[in-house]
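Colleague: Hi! Could you walk me through this one? I have a few quick questions.

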Amino acid sequence: MAVAMRVLAILLCLLALPSLLALPSLAADPPNPPPAKAGTTCIDAPAVMRRDHPGMLMHQRDDTLRLGIRGGKASLKDCVACHATTAADGTPVPVNAPGQFCQACHAYAAVQPDCFECHATTPPLKTAGGAP
Amino acid sequence: MKKTVYLEITALTPGWIALVAGLGAMIAAALAAVWHMEHQGHWVTGMTNQVVWGLPHVFAVFLIVAASGALNIASIGSVFGREPYQPLGRLSGLVAMALLAGGLAVLVLDLGRPDRLAVAMTHFNFKSIFAWNVILYSGFFAVVAFYLWTMMDWRMKRFYRPAALGAFLWRLILTTGTGSIFGFLVAREAYGAAVMAPLFIAMSFAYGLAVFTLVLLFTAKTTGRPLGDRMLIRLVRLLGLFVAANLYFVALHHLTQLYFAGRGGVEAFVLADGGVYTMLFWGGQVVLGGILPLVIAFTGCGHRPRRRATIASLLVMIGGLAQVYVLIIGGQAWPLDLFPGMEVASGFADGRIHAYVPTLAETVLGLGGLAIAALVILLGVTVLRFVPTGLADPEQSPG
Amino acid sequence: MTEISRRQVVLASGAVLVVAASAAAAAPRGQGQPASATRHWGLLIDTAKCDDGCTVCVKACKAEMGLAGHDRPATDPQYVRKLTVTDPATGHRHSLPVMCQHCDKPACVDVCPTGASMKRADGIVLVDRHICIGCRYCMMACPYKARSFAHEEQTGQKPYLPRGKGTVEGCTLCVHRIDAGGEPVCVEACAAKAKGAMLFGDLKDPDSAIAQRVAKEATTRIRADLGLLPSVRYQGI
């Protein structure tokens with residue numbers, strides 16, 4: 001009986017261990033991403049965007065790629081165009097660099113989306129050409 | 001009929017620990033290799049835009065094909081009712097699942113995006129034989145698990161026959177699917193052919209039995225459990241029969257290809273001037289994996305059955321790996337024929353034999369698949385009752 | 001796979017009506033309109049105008065698509081390449097660009113296990129790299145060696161062409177330009193800097209230059225015997 005209680009106590013301690021992983025977030029400040037480009041408005045309210053942007057992006061990616069529908073409002077390219085910042089010397093800073101727009105909140109939430117393994121992290125350069 | 005007694009093998013003996021440690025180390029090395037390949041990208045491997053499937057796929061296909069064949073032993077006992085094979089049914093099921101697990105592990109770990117396995121399991125293009133194979137492989141685990149359940153739980157006995165038949169049919173469809181992965185490729189001259197499916201079935205019979213025999217011999221030797229010579233003679237003769245079937249389909253494949261004027265080039269490449277591929281074909285596949293095992297199976301060369309079974313099975317395994325290598329890599333080394341009858345050159349490796357040199361990482365990954373299969377078998381026979389205790393020859397011979 | 005909402009079906013039908021009514025050959029598709037099967041994009045390449053050493057189309061593609069190589073020709077991506085074809089019996093030699101042939105019955109689409117390799121309604125064959133698992137089976141299946149595998153981490157991607165390590169890629173017929181009313185960059189570069197061997201257009205539009213030429217002049221496709229019905233036609237091969 002005493003053995004069983006001891007085993008139970010050890011098991012409970014072990015189960016409680018993972019909660020220690022939450023400690024760093026208890027001490028962390030809420031994320032503070034840099035503001036978007038001046039003079040632009042987002043496609044929706046920040047509260048809506050925070051909650052719904054994964055679904056918006058995932059739905060639109062199929063529209064754009066598989067159906068060929070251009071100009072949808074939840075365009076990742078447009079997100080980057082507005083939310084990427086430039087360094088002091090004018091070079092664009094990748095939007096997934098530490099402390100930048102996408103990365104600041106995702107690091108806090110411990111989420112690692114792999115969008116920018118493929119997608120460009122800086123806004124398009126202003127060139128003549130057929131790029132929409 | 002004497003009732004077969006199955007017993008777990010003893011765990012935590014020095015040999016057992018050494019084996020687990022060794023296999024564990026091999027698997028750890030394979031995982032390290034995967035981390036390296038996935039982190040750096042596939043440029044660190046020998047695989048290129050020309051030879052897209054390399055040594056990991058050779059091992060994976062070998063293991064998957066052997067997996068389906070390993071189940072044969074159980075089927076011979078259950079579907080075909082041959083009594084001497086019935087005590088081996090449980091081990092056969094375990095070996096089949098273990099080999100498939102090893103093969104699939106290698107295949108998945110070599111993907112460009114192995115983190116998207118969930119995508120592969122939820123998005124199916126039903127026109128793709130590859131997608132069908134994903135379903136067939138996953139289903140194989142379920143079907144064999146159910147089959148084992150009917151064998152090991154006396155309360156499930158009434159489902160034994162339907163489970164056995166279902167497993168037998170499932171594995172035939174599965175191997176047909178695996179062969180068709182290559183057979184359906186109209187672009188590749190080395191194998192766009194219907195004979196790939198029955199060839200793979202013949203290969204599976206041979207490889208599966210070879211691997212199973214080696215597992216059985218190793219288990220008997222290390223646990224000291226008896227293994228009768230008559231059983232071994234049966235197994236090695238059956239192996240000879242399967243090897244003969246394999247050689248038949250290989251001959252059929254190449255003779256047909258030789259008859260088509262347009263396929264003369266790729267046949268000359270494989271059979272005559274393909275360098276390493278020709279060597280592996282004749283030396284590995286035909287001689288080591290075909291003729292020698294046939295001789296050993298049917299004449300014996302005067303050796304004891306245990307030795308004959310071991311050597312023949314090892315040779316079939318080596319020959320099998322050579323056969324799969326020639327098929328998969330040799331088939332990609334031969335360039336695509338955009339302009340039949342013309343000589344083609346480009347900056348993208350058109351018109352010339354494609355080089356492939358496997359790297360250490362790929363080799364370690366492939367061997368890791370074997371280690372995974374072996375570890376699954378070892379843990380299985382330790383935890384559950386797969387291995388029969390009385391495989392000695394009976395005193396009076398009933399048949 | 002993709003669930004199409006009612007809104008999109010209505011839009012698509014509207015788009016079909018609009019396109020059928022007007023005879024716009026390569027006008028930019030309106031925002032929010034899906035690609036439509038009333039068009040079928042194709043290329044016509046006159047190899048007589050293709051010089052042996054000329055690689056203008058290849059270079060233009062690499063620049064446009066951001067295909068910076070790593071000096072590893074075996075694994076570097078290449079969407080379009082120049083092939084030199086020599087007849088061993090006669091010694092005749094000619095040169096032509098080969099890219100993804102955007103087949104009407106693509107082998108790569110048939111074999112892709114997840115459906116990542118896809119054909120858009122207007123005939124362009126693409127890789128949906130969101131669901132590509134990098135198995136390379138499409139590369140085994142393609143008779144034209146059209147596809148490349150991204151063998152390393154990619155950086156500096158163009159915003160209109162996301163591409164990443166571990167997925168398969170190939171010529172997109174410059175879908176980002178076509179959807180904006182333009183033409184593929186290889187065609188444009190050939191016309192501007194070489195002999196204008198390449199012609200792009202809508203094969204289903206009887207008024208387009210390409211449709212009129214393929215109706216009047218003899219054209220062939222590479223490995224037509226395979227029955228994959230490529231959208232890229234050649235003259236002089």
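Colleague: Let's begin with chain C: what share of its 237 residues count as buried?

Modeller: Happy to help. In chain C, 53% of the 237 residues count as buried. Keep in mind that this is a predicted model.

Colleague: And how many helices and strands does chain C have?

Modeller: Chain C has 7 helices and 9 strands. Looking at its contacts with a separation of 6 or more, 60% are between residues 24 or more positions apart.

Colleague: Take strand E1 of chain C. Is it mostly covered or mostly open?

Modeller: Mostly covered: E1(C) spans residues 41-46, and 5 of its 6 residues are buried.

Colleague: Which strands is E1(C) joined to by bridges?

Modeller: One is strand E8 of chain C, residues 198-202, which runs antiparallel to E1(C) and is joined to it by 5 bridges. Another is strand E9 of chain C, residues 232-235, which runs parallel to E1(C) with 4 bridges between them.

Colleague: Any residue pairs I can click on? What stands opposite C:Leu44 in E8(C)?

Modeller: That would be C:Leu199. On the E9(C) side, try C:Leu43, whose bridge partner is C:Val232.

Colleague: Changing topic to backbone angles. What is the phi of C:His102?

Modeller: C:His102 has a positive phi of about 45 degrees, although it is not a glycine. You'll find C:His102 in the loop between E3 and helix H3 (107-111) of chain C.

Colleague: Why does C:His102 count as buried?

Modeller: Because 27 other C-beta atoms lie within 10 Å of C:His102, and the cut-off for buried is 20 or more.

Colleague: Which other residue should I look at for a positive phi of about 55 degrees?

Modeller: C:Lys145, which is not a glycine either. C:Lys145 sits in the loop between helix H4 (137-141) and strand E6 (148-149) of chain C. C:Lys145 is also buried, with 23 other C-beta atoms within 10 Å.

Colleague: On to the interfaces. Which pair of chains shares the most contacts?

Modeller: Chains B and C share the most, out of 2 pairs of chains in contact. On that interface, 37 residues of chain B are in contact with 46 residues of chain C.

Colleague: Which elements of chain B give two or more residues to that side?

Modeller: Helix H5 (117-122), helix H6 (129-152) and E2 of chain B. E2(B) gives the most, with 4 residues. By class, the side of chain B that touches chain C has 19 nonpolar, 12 polar and 6 charged residues.

Colleague: So what does E2(B) pair with in chain C?

Modeller: E2(B) is joined by 4 bridges to strand E2 of chain C, residues 81-86, and the two run antiparallel. The bridge partner of B:Ala345 is C:Thr84, while B:Val344 has C:Val85 as its bridge partner.

Colleague: What sheet does that belong to, and in what strand order?

Modeller: An open sheet of 3 strands in the order E2(B)-E2(C)-E3(C), with antiparallel pairing. Its edge strands are E2 of chain B (343-346) and E3 of chain C (93-98), each pairing on one side only. From one strand to the next, the twist averages 25 degrees.

Colleague: Now chain A. How far apart are the nearest C-alpha atoms of chains A and B?

Modeller: They are 10 Å apart, and the two chains do not touch. Chain A does meet chain C: 18 residues of chain A are in contact with 29 residues of chain C. The largest share of chain A's side, 5 residues, comes from H3(A). Sorted by class, that side has 8 nonpolar, 4 polar and 6 charged residues.

Colleague: What is the average pLDDT of chain A?

Modeller: Chain A averages 85, and 89% of the residues score at least 70. One stretch to note is residues 128-132 of chain A, where pLDDT stays under 50 and the model has 12 contacts beyond four places in sequence.

Colleague: Last one: which residues touch the most other members of the largest nonpolar core?

Modeller: B:Val95, B:Leu99, B:Ala206 and B:Leu239, in a core of 200 residues. Helix H8 of chain B, residues 196-223, supplies the largest share of this core, with 16 residues. There is also a second, separate core of 8 residues, including A:Cys79 and A:Cys102.

Colleague: Great, thanks!

How values were computed:
Residues are numbered from 1 along each chain as its sequence is written. Chains are lettered from A and ligands numbered from 1 in the order in which they are written. This is a predicted model: local features need pLDDT of at least 70, side-chain atom pairs count only at pLDDT 80 or more; totals for chains, interfaces and linings use all residues. A nonpolar core is a set of buried Ala, Val, Leu, Ile, Met, Phe, Trp, Tyr and Cys residues joined through C-beta atoms within 7 Å. A residue is buried if 20 or more other C-beta atoms lie within 10 Å of its own, exposed if 12 or fewer, and partly exposed in between; C-beta atoms are placed from the backbone. Two residues are in contact if their C-beta atoms, placed from the backbone, lie within 7 Å. Ala, Val, Leu, Ile, Met, Phe, Trp, Tyr, Cys and Pro count as nonpolar, Asp, Glu, Lys and Arg as charged, and the others, Gly among them, as polar. Two strands pair if DSSP finds at least two bridges between them. Axes are lines fitted to C-alpha atoms, for helices over the stretch in contact, and angles run from 0 to 180 degrees between N-to-C directions. pLDDT is the predictor's confidence in each residue, from 0 to 100.
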